[in-house]
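Please read the following account with the sequence and the coordinates at hand. It goes from single loop residues to the sheet and its neighbours, and then to a helix.

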Amino acid sequence: MPKQVLKHQRIARVLAREIHSGALEPGSRLPGEHALTRRFAVSRATVRQALDELSKQGLISTHAGVGSFVTFDGGLLDNRLGWTRALADRGARITTEVLRLEAVRDARLAEELGLEGVEFMALDRLRVLPEGTPVALERSRVPMVPALAEVPLGGLLDGSLTKTLAAVGMRATHGDEWASVRQLGADEAALLRRREGEVWLNTRRISRGADGGIVEQVTSLLDPGRFQLHLGFGEQPG
């Protein structure tokens with residue numbers, strides 16, 4: 001006897017098809033709970049179960065309470081897409097320069113993240129405007145797994161860390177981000193072609209998968225003339 005499909009599973013499948021088909025664009029917001037209860041003629045509890053199902057699949061994220069989002073020239077960047085795609089979607093003509101892609105050992109970072117293994121894939125990148133001015137310096141650290149062992153030699157899939165990780169089953173579904181400001185050190189200033197001591201936006205993001213495991217830590221130095229931190233509140237799936 002075929003297994004009965006529950007109401008919230010049916011709703012989740014409908015919305016998932018719309019996301020995959022492009023009817024609901026990446027980074028866009030889903031209709032509110034009230035609109036979904038009317039559309040599918042179900043209770044709000046059922047809608048919440050469906051949204052939770054989509055969240056577990058990594059198709060949506062729900063921002064509850066206070067959420068923070070990095071913006072570029074006033075437009076929100078969707079970290080789930082990876083910044084290369086997110087910046088392109090904002091119409092930003094920015095190129096990426098890979099400074100470093102290699103396997104490293106970092107016992108201190110492993111301890112901070114609560115990991116037993118001390119090996120990471122290190123990826124350092126510059127984001128550069130068409131005229132050659134860098135606007136961001138990113139340092140990503142991904143826990144090394146066997147499936148990533150050849151990446152430092154073969155390079156990223158389509159030049160994208162997000163695609164590379166997804167190809168080996170590492171998908172970020174949630175995490176935490178911190179932001180501060182700090183002065184550029186001498187080496188950072190040289191890479192960014194700015195003056196030592198300039199104050200830049202400094203962020204640290206830890207991304208986790210659906211099982212709670214660490215997917216990536218990335219620290220970023222961002223030009224405050226182009227990037228800002230946007231704070232939102234309330235509960236809205238998107």
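Does Arg-193 count as buried, partly exposed or exposed, and what is its relative accessibility? The model in view is a predicted one, and in it Arg-193 has a relative accessibility of 48%, so it counts as partly exposed, a class that ends at 50%. Arg-193 sits in the loop that runs between helix H8 (186-192) and strand S8 (199-208), and its backbone has a positive phi of about 60 degrees although the residue is not a glycine. Most residues other than glycine have a negative phi. A second residue that calls for the same kind of attention is Asp-158, which is not a glycine and yet has a positive phi of about 55 degrees. Asp-158 belongs to the loop between helix H6 (151-154) and helix H7 (161-167), and with a relative accessible area of 62% it is exposed.

From these loops the account turns to the sheet. Six strands form an open sheet in the order S4-S5-S6-S9-S8-S7, with antiparallel pairing. Strand S4 (95-105) and strand S7 (174-183) stand at the edges and have a single partner strand each, so that one side of each is left without a neighbour in the sheet. From one strand to the next, the twist averages 15 degrees.

Within this order, strand S6 is a good place to pause, and the pairing on either side of it can be followed residue by residue. On one side, strand S5 (residues 119-128) pairs with S6 in the antiparallel sense over nine bridges, and Val-128 has Pro-134 in S6 as its bridge partner. S5 and S6 form a hairpin, with five residues between the two strands, and Gly-132 in the turn has a positive phi of about 100 degrees. On the other side, S6 (residues 134-143) and strand S9 (residues 214-222) are joined by six bridges, again in the antiparallel sense. Along this second pairing, Glu-138 has Ser-220 in S9 as its bridge partner, while Ser-140 stands opposite Val-218, also in S9. Nine of the ten residues of S6 are buried, and the strand is therefore largely enclosed by the rest of the structure.

Several residues in and around the sheet show how positions separated in sequence are placed in space. Arg-105 is found in strand S4, and because its relative accessibility is 62%, it counts as exposed. Between Arg-105 and Gly-117 there are 8.8 Å in space, C-alpha to C-alpha, for a separation of twelve residues in sequence. Ala-110 lies in helix H5 (residues 107-113), and at 1% relative accessibility this alanine counts as buried. The C-alpha atoms of Ala-110 and Phe-120 are 8.8 Å apart, and the two residues are ten apart in sequence. In strand S8 one finds Ser-207, which is buried, with a relative accessible area of 8%. Ser-207 and Glu-177 are 30 residues apart in sequence, and their C-alpha atoms are 8.5 Å apart in space.

The aromatic side chains can be treated briefly. A search of the whole structure for aromatic pairs finds zero. A contact of another kind involves Trp-178, since Arg-204 lies over the face of its ring, at 5.5 Å from the ring centre.

The last element to follow is helix H3 (residues 44-56), whose 13 residues should span 18 Å at 1.5 Å a residue, and the end C-alpha atoms are indeed 18 Å apart, in agreement with that expectation. Which residues of H3 are buried? They are Thr-46, Val-47, Ala-50, Leu-51 and Leu-54. These buried residues cover an arc of only 140 degrees around the axis, which puts them on the same side of H3. The face turned away from that buried side carries the exposed residues Ala-45 and Lys-56. Just after H3, Gly-58 takes a positive phi of about 75 degrees.

Notes. Residues are numbered from 1 along each chain as its sequence is written. This is a predicted model: local features need pLDDT of at least 70, side-chain atom pairs count only at pLDDT 80 or more; totals for chains, interfaces and linings use all residues. Side-chain values use heavy atoms; hydrogens and water are left out. Rings of Phe, Tyr and Trp (its six-membered ring) pair if their centres lie within 6.5 Å; planes under 30 degrees apart count as stacked, over 60 as edge-to-face and the rest as tilted. A charge sits over a ring if NZ of Lys or CZ of Arg is within 6 Å of the ring centre and within 35 degrees of the ring normal. Two strands pair if DSSP finds at least two bridges between them. Helices (H or I, at least four residues) and strands (E, at least two) are DSSP runs, numbered from the N terminus. Axes are lines fitted to C-alpha atoms, for helices over the stretch in contact, and angles run from 0 to 180 degrees between N-to-C directions. The expected span of a helix is 1.5 Å times one less than its number of residues. Buried means under 20% relative accessible area, exposed over 50%, partly exposed in between (1.4 Å probe, protein chains only). The arc is that of the directions from the helix axis to the C-beta atoms.
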